[in-house]
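Hi everyone, thanks for making time today. I'd like to walk you through a structure that may be new to you, so let's bring it up on the screen.

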Amino acid sequence: MTNIVIIGGGPAGYEAALAAAAYGADITVIDSDGIGGACVLWDCVPSKTFIASTGIRTEIRRAADLGISLETDHTTVALSQIHQRVRDLAFAQSADIRSRLISEGVRLVSGTAKLEPTQTGVRSHKVIATLADGTTETYAGEVILIATGASPRILPDAQPDDERILTWRQLYDLEELPEHLIVIGSGVTGAEFVHAYTELGVKVTLVSSRDRVLPHEDEDAALVLEDVLAERGVTLIKHGRADKVVRDGDSVTVYLADGQQVVGSHVLMTVGSVPNTQTLGLEEAGIETARGGYITVDRVSRTSVPGVYAAGDCTGLFPLASVAAMQGRIAMYHALGEGVSPIKLKTVASAIFTRPEIASVGVSQKAIDAGEYPARTVMLPLATNARAKMSGLRRGFVKIFCRPATGVVIGGVAVAPNASELILPIALAVQNKLTVSDLAQTFSVYPSLSGSITEAARQLVRHDDLD
Ligand SMILES: Cc1cc2nc3c(=O)[nH]c(=O)nc-3n(C[C@H](O)[C@H](O)[C@H](O)COP(=O)(O)OP(=O)(O)OC[C@H]3O[C@@H](n4cnc5c(N)ncnc54)[C@H](O)[C@@H]3O)c2cc1C
Ligand SMILES: NC(=O)c1ccc[n+]([C@@H]2O[C@H](COP(=O)([O-])OP(=O)(O)OC[C@H]3O[C@@H](n4cnc5c(N)ncnc54)[C@H](O)[C@@H]3O)[C@@H](O)[C@H]2O)c1
């Protein structure tokens with residue numbers, strides 16, 4: 001029976017454990033903060049639960065356009081109830097995963113793990129777990145998986161104080177809504193929280209170090225979001241790099257590199273993450289890391305030391321729960337000698353849970369425009385879609401990208417209220433190398449937003465015919 005020790009109980013760690021359990025391996029998962037990891041307890045699950053509550057306000061705001069009159073000024077936000085719901089759901093999901101692991105025979109250890117320096121010629125590796133009471137336990141594994149995730153990046157001159165200078169993990173302890181929230185960083189995390197707090201009626205200023213929100217996402221999609229946020233009263237400061245945040249009583253001042261100052265009641269720092277790799281003893285164990293401390297892995301999750309694998313945010317490959325889980329499973333299949341396909345990032349679907357949502361898969365428009373991939377592209381505004389008109393949707397679009405000669409779908413983007421669901425047919429096409437003709441010939445429901453996907457594909461087929 002193969003002995004496996006997994007450090008970290010997030011999606012990378014727990015999905016790996018479940019995959020290996022199916023092969024009868026002897027598995028120990030050591031986690032310091034709670035099964036489910038930061039994903040379930042602090043990041044992904046809490047933020048999406050919080051956003052679900054704010055979405056109700058979005059619907060209420062839209063009601064008047066559809067002929068329903070609601071007293072929007074008199075809706076109240078029970079913040080403590082929203083926060084309690086977030087916490088309850090996160091802990092319940094963590095408990096579910098914990099029970100599942102135990103029922104599959106996985107040994108769970110609550111503690112902080114560190115690798116023992118690798119000894120040459122020895123087949124198994126040792127991991128030392130420090131438990132809450134300070135005692136240590138040593139676990140030996142023929143296979144080790146490091147899945148320790150990442151933590152919010154803290155600027156030296158913007159130290160969180162749990163009250164007014166906050167990371168996204170401290171938001172759910174707020175007792176009252178901020179009067180004026182300054183969000184620093186316009187990546188996915190920043191954009192989602194700007195959206196959520198705006199929907200709760202909070203005045204929000206977004207400080208973006210770049211010339212737009214979501215600098216790494218599809219530009220057309222980011223521009224839609226910028227318009228929407230502007231309409232909802234968000235102040236966007238472009239090319240603004242925050243150097244320092246200072247609290248003075250009930251107010252906070254953000255000092256930008258160009259000399260500007262922004263004053264608000266609270267600051268939310270969303271300036272990225274750093275991998276949890278500093279205290280693992282990687283160097284002594286001979287495990288290579290790249291810039292920023294991310295663990296270097298190949299496409300089957302192997303590190304530079306035989307028998308030691310790494311998966312998830314600590315590798316910095318593509319910081320998504322779905323990718324972390326896939327890397328973890330791949331590591332186990334490889335370690336156990338099962339047939340395994342190396343991870344393919346070109347098929348990963350992801351979504352940004354703003355309103356509208358932004359979802360994408362495969363090759364990006366930017367890569368196509370840069371000439372990295374020859375492709376034919378189409379962008380179809382939802383304004384032409386019957387269902388969108390019925391629902392009063394004014395914005396959004398569907399994009400599909402395909403190979404010029406074969407029409408094989410290589411990517412796409414959807415911007416719509418439920419784009420995270422709408423992207424699946426395009427993801428399915430990318431994963432299975434379906435053509436735009438395959439999509440075009442698929443019946444979509446009339447009227448439906450997915451009708452725009454089949455229609456977009458039809459427009460590319462017409463192109464196809466002219467080739
Ligand atoms: C605000 C936010 C929202 C997000 N929303 C989404 C989303 O909607 N969809 C999506 O796909 N992704 C989302 N992500 C990304 C997703 O949360 C991460 O990609 C995912 O958590 C990575 O999983 P992981 O297993 O690598 O690490 P984690 O979930 O961070 O788990 C790692 C675990 O290891 C533990 N650990 C660390 N060091 C040690 C040690 N030395 N010993 C023992 N245990 C240790 C940690 O405490 C933690 O419990 C979001 C991220 C953020 C910040
Ligand atoms: N819905 C989802 O799936 C979801 C949600 C949140 C995060 N994530 C994952 O997490 C990853 C990281 O996203 P993120 O937004 O947390 O981090 P990020 O690194 O993508 O964005 C941080 C932003 O902050 C900016 N920044 C850094 N220092 C700054 C400063 N001093 N002043 C002003 N701006 C500054 C950076 O230029 C960058 O644009 C995403 O790529 C995604 O994979 C996913």
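Let's start with two of the domains: the C-alpha centres of domain 1 and domain 2 are 27 Å apart. Please keep in mind that this is a predicted model.

Where do these domains sit along the chain? Domain 1 is made of two stretches, 1-150 and 272-342, while domain 2 covers 163-270. There is also a domain 3, running over 344-463.

Now, how many residues are in contact between domain 1 and domain 2? On the domain 1 side there are 15, and they meet 13 residues of domain 2. Two elements each give two or more residues to that side of domain 1: helix H3, residues 44-63, and helix H4, residues 79-103. H3 provides the largest share, with 7 residues. As for the character of this side of domain 1, it has 7 nonpolar, 6 polar and 2 charged residues.

Let's move on to ligand 2. Which residues are closest to this ligand? They are Gly185, Gly187, Thr189, Ser209 and Gly272, out of 25 residues that surround ligand 2. If you'd like to find the shell on the screen, look for helix H5 at 188-199 and strand E18 at 349-352, since each of them supplies at least two of its residues. The largest share is from H5, which gives 4 residues. Sorted by class, the shell around ligand 2 contains 12 nonpolar residues, 10 polar ones and 3 charged ones.

That's my tour for today, and I'm happy to take questions.

Methods:
Residues are numbered from 1 along each chain as its sequence is written. Chains are lettered from A and ligands numbered from 1 in the order in which they are written. This is a predicted model: local features need pLDDT of at least 70, side-chain atom pairs count only at pLDDT 80 or more; totals for chains, interfaces and linings use all residues. Domain bounds come from an automatic or database domain assignment. Two residues are in contact if their C-beta atoms, placed from the backbone, lie within 7 Å. Ala, Val, Leu, Ile, Met, Phe, Trp, Tyr, Cys and Pro count as nonpolar, Asp, Glu, Lys and Arg as charged, and the others, Gly among them, as polar. A residue is near a molecule or strand if its C-beta atom, placed from the backbone, lies within 6 Å of it.
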